[in-house]
Amino acid sequence: MDPHTNGNTARSVKENFTDFETINLATVKVPPFPGPKTPDEASKIFEKMRNYDRIIIGSPVYFSGISGLTKTMIEWESTQPRDFLTGRRIVAFIRGMSANPSVDQPAYAIIKNFADYAGATFTTI
Ligand SMILES: Cc1cc2nc3c(=O)[nH]c(=O)nc-3n(C[C@H](O)[C@H](O)[C@H](O)COP(=O)(O)O)c2cc1C
């Protein structure tokens, strides 16, 4: 079994938030971008995001950035209309092993870019 389906990131989110719906990208299997059309797996994720005011994007730090799974989902955002999450708040939740916050900085920039494209506000916790 892939341990990351219930790894540190999933566990930390549960410790910090209550009453939320989880989409674990380790189980969804969104194919890499690009492709001939937006995969259903990605469309469903963006559709769900539209149903909520607050969307937490949690990712482990892998080699100084967000995980490949998270980046793939973000790249598929380019197939959505701009500002499709207007009025929502995107919360970046990034966990690595290193105590040096500069390691995580590019990861936050990518998720902020995701929020900017979607017309959502961006915060970290
Ligand atoms: C492939 C890989 C690369 C990693 N690279 C970093 C890194 O560059 N910086 C860091 O602080 N932690 C790094 N880590 C540690 C993970 O970010 C940390 O263990 C995280 O809590 C794992 O979350 P997960 O259990 O949800 O996958 C790495 C772990 C793995 C497996």
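# Exercises on a predicted model

Of the 125 residues of the protein, 21% count as buried, where buried means that 20 or more other C-beta atoms, placed from the backbone, lie within 10 Å of the residue's own; exposed means 12 or fewer, and partly exposed lies in between. The model is predicted: local features need pLDDT of at least 70, side-chain atom pairs count only at pLDDT 80 or more, and totals for chains, interfaces and linings use all residues. Residues are numbered from 1 along each chain as its sequence is written.

## Exercise 1: the overall fold

State how many helices and strands the protein has, in what order they run, and how its radius of gyration relates to the globule rule.

Solution.
- Step 1. Count the elements: there are 5 helices and 4 strands. Helices (H or I, at least four residues) and strands (E, at least two) are DSSP runs, numbered from the N terminus.
- Step 2. Read them from the N terminus: the order is α-α-α-β-β-α-β-α-β.
- Step 3. Compare the radius of gyration, 14 Å, with the 14 Å from the globule rule for 125 residues; the two are close, so the protein is as compact as a globular protein of that length. The radius is taken over C-alpha atoms, and the rule is 2.2 Å times the number of residues to the power 0.38.
- Step 4. Add the dimensions: along the principal axes, the C-alpha atoms fill a box of roughly 35 × 35 × 30 Å.
- Step 5. Look at the contacts with a separation of 6 or more: 76% of them join residues 24 or more positions apart. Two residues are in contact if their C-beta atoms, placed from the backbone, lie within 7 Å.

## Exercise 2: the shell around the ligand

Describe which residues and elements surround the ligand.

Solution.
- Step 1. Find the residues that come nearest: of the 14 around the ligand, these are Gly7, Thr9, Pro60, Gly96 and Ser98. A residue is near a molecule if its C-beta atom, placed from the backbone, lies within 6 Å of it.
- Step 2. Assign elements: helix H1 (8–16) and strand E1 (54–62) each supply at least two residues of the shell. E1 gives the most, with 3 residues.
- Step 3. Sort by type: the shell has 6 nonpolar, 7 polar and 1 charged. Here Ala, Val, Leu, Ile, Met, Phe, Trp, Tyr, Cys and Pro count as nonpolar, Asp, Glu, Lys and Arg as charged, and the others, Gly among them, as polar.

## Exercise 3: helix H4 and the cores

Explain where the buried residues of H4 lie, and describe the nonpolar cores.

Solution.
- Step 1. List the buried residues of H4 (residues 68–76): Thr70, Met73 and Trp76.
- Step 2. Check their directions: they cover an arc of only 125° around the axis, which puts them on the same side of H4. The arc is that of the directions from the helix axis to the C-beta atoms.
- Step 3. Name what covers them: this includes helix H2 (25–28), helix H3 (40–50), E1 and strand E2 (65–66).
- Step 4. Turn to the largest nonpolar core: it has 13 residues, and Ile90, Ile111 and Ala115 have the most contacts inside it. Such a core is a set of buried Ala, Val, Leu, Ile, Met, Phe, Trp, Tyr and Cys residues joined through C-beta atoms within 7 Å.
- Step 5. Trace its sources: E1, strand E3 (89–95) and helix H5 (105–118) each supply at least two residues. The largest share, 5 residues, comes from H5.
- Step 6. Note the second, separate core of 5 residues, which includes Val30, Ala42, Met73 and Trp76.
- Step 7. Set this beside a general tendency: in soluble globular proteins, nonpolar side chains tend to be buried together.

## Exercise 4: single residues

Describe Gly65, Asp19, Lys29 and Pro34 by place and setting.

Solution.
- Step 1. Gly65 lies in strand E2. It counts as partly exposed because it has 19 C-beta neighbours inside 10 Å. Leaving out residues up to four places away in sequence, Gly65 touches Pro106 and Ala107.
- Step 2. Asp19 is in the loop between H1 and H2. Its phi is positive, about 55°, although Asp19 is not a glycine. With 4 C-beta neighbours inside 10 Å, Asp19 counts as exposed.
- Step 3. Lys29 is in the loop between H2 and H3. Lys29 is not a glycine either, yet has a positive phi of about 60°. Its 9 C-beta neighbours inside 10 Å make Lys29 exposed.
- Step 4. Pro34 is in the loop between H2 and H3. A cis peptide bond, with omega about 0°, joins Phe33 and Pro34.
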